[in-house]
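Open the structure in your viewer and show it as a cartoon. Keep the selection tool ready for a short tour.

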Amino acid sequence: MKHIITLQRIKPWVLPGAMICGIFLHNYMGMLEWSAPWLIFIMLFITFCRVKPSEMKIDSMTLTILAVQLGGATAVYFALLPFGDAIAQGAMICVFCPTATAAPVITGMLGGSVPRLVAYSLASNLTVAVCAPLVFSGINGGSVDIFSSTVEIAKKVFPLIVAPLICALILMKISPKAHATIAKRQSWSFYIWAVSLFIVVGRAVSFVMSEPPAKIPTMIAIGVIAGMMCGLQFYAGRKIGARFGDKIAGAQGLGQKNTVLAIWMALTYLNPISSVGPAAYIAWQNTVNSLQLYYKEKRERRNQE
């Protein structure tokens, strides 16, 4: 019983601790980077074991958030273009990139609808895989090969989302008991996510520090704007979700982004310095997630007392 109480007390500090360790130990992340996709796969597999196929539906909330994601990215790009293409692209990619693969995990921890978020995550990533080559081609004056770009982006996106979902569904068919046992172990996902966050933050810090000093003012501007985009998207997602009875799924669906994919897309198709936007977004979105988990744990402890 004592160890459970101890875990409950330290849990709100696990994610901030992982981020801080990632910052200070960023030079060593290259040795651990290979494990990040596997950690995300395991984490999603555990989370998907609590999802029933019949619960996954594309509903009005999904379509509304998708419209905000695509329309917002376009509006942000043209609004900031007078300040330079790097700043405009850095802000745009923070809005345009799809929902994070880990978003269903955090949604479940916060008490939101995991099936709803899984459905939105699949829709969001599919939409970006199809639309991204067209968007990047427009930004680059038609110089992007649309077909090959679609294939490359899909290869980055779908293995990490579809494969764990398929494995969870197969396990449900062949061994319902094992499936039910894993479904009850959702707390494991939290600590796996903390390790993943440690690696991702470390890699982001290394990436930003490798940029030349002359670009520091632009990087700071992009980092600040990324924070604004993060706050606006969590706020807008929460408002949209409230209209459909799930503030948490709405906020995480629109606000929590697949920043690793966003960095890769920015480096591959946009002004490379724009990739500082999603790199900074990693810190911003996980600060928001840490605060949400902290206040949720605080409320639960108060209710127990």
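Which helix supplies the largest share of the lining of the largest pocket? Select α9, residues 187-209. This helix gives nine residues to the lining, the largest share. Bear in mind throughout that this is a predicted model.

**Stop 1: the largest pocket**

Now add the other helices that each supply at least two lining residues: α2 (36-48), α7 (146-174), α12 (259-269) and α13 (276-304). The pocket they help to line has a volume of about 730 Å³. To find its centre, select Glu-33, Val-200, Thr-259, Val-260 and Leu-261, which lie nearest to it among the 29 lining residues. Colour the lining by class: you should get 18 nonpolar, seven polar and four charged residues.

**Stop 2: a residue in α13**

Stay with helix α13 and pick Asn-289. Is Asn-289 buried or exposed? Asn-289 has a relative accessible area of 0%, so it counts as buried. Next, show what surrounds Asn-289. Leaving aside neighbours within four places in sequence, it is in contact with Ile-106, Phe-234, Gln-252 and Gln-256.

**Stop 3: two helices that cross**

Hide the rest and select α3 (residues 60-80) and α11 (residues 247-255). Their axes come within 10 Å and cross at roughly 30 degrees. The crossing of α3 and α11 is right-handed. Show side chains on the α3 side of the contact: Met-61, Ile-65, Val-68 and Gln-69. From α11, add Ala-249, Gly-250 and Leu-254. By class, the residues of this contact are five nonpolar and two polar, with no charged ones.

Key:
Residues are numbered from 1 along each chain as its sequence is written. This is a predicted model: local features need pLDDT of at least 70, side-chain atom pairs count only at pLDDT 80 or more; totals for chains, interfaces and linings use all residues. Side-chain values use heavy atoms; hydrogens and water are left out. Axes are lines fitted to C-alpha atoms, for helices over the stretch in contact, and angles run from 0 to 180 degrees between N-to-C directions. Helices (H or I, at least four residues) and strands (E, at least two) are DSSP runs, numbered from the N terminus. A crossing is left-handed if the near helix is turned anticlockwise from the far one by less than a right angle, and right-handed if clockwise. Contact means heavy atoms within 4.5 Å. Ala, Val, Leu, Ile, Met, Phe, Trp, Tyr, Cys and Pro count as nonpolar, Asp, Glu, Lys and Arg as charged, and the others, Gly among them, as polar. On a 1 Å grid over the protein atoms alone, a cavity is a set of points where a 1.4 Å probe fits but cannot get out, and a pocket is an open set with protein on both sides within 12 Å along at least five of seven lines; lining residues have an atom within 4 Å of a point. Grid points are joined across faces, edges and corners, and a volume is the space filled by probe spheres set on the points. Buried means under 20% relative accessible area, exposed over 50%, partly exposed in between (1.4 Å probe, protein chains only).
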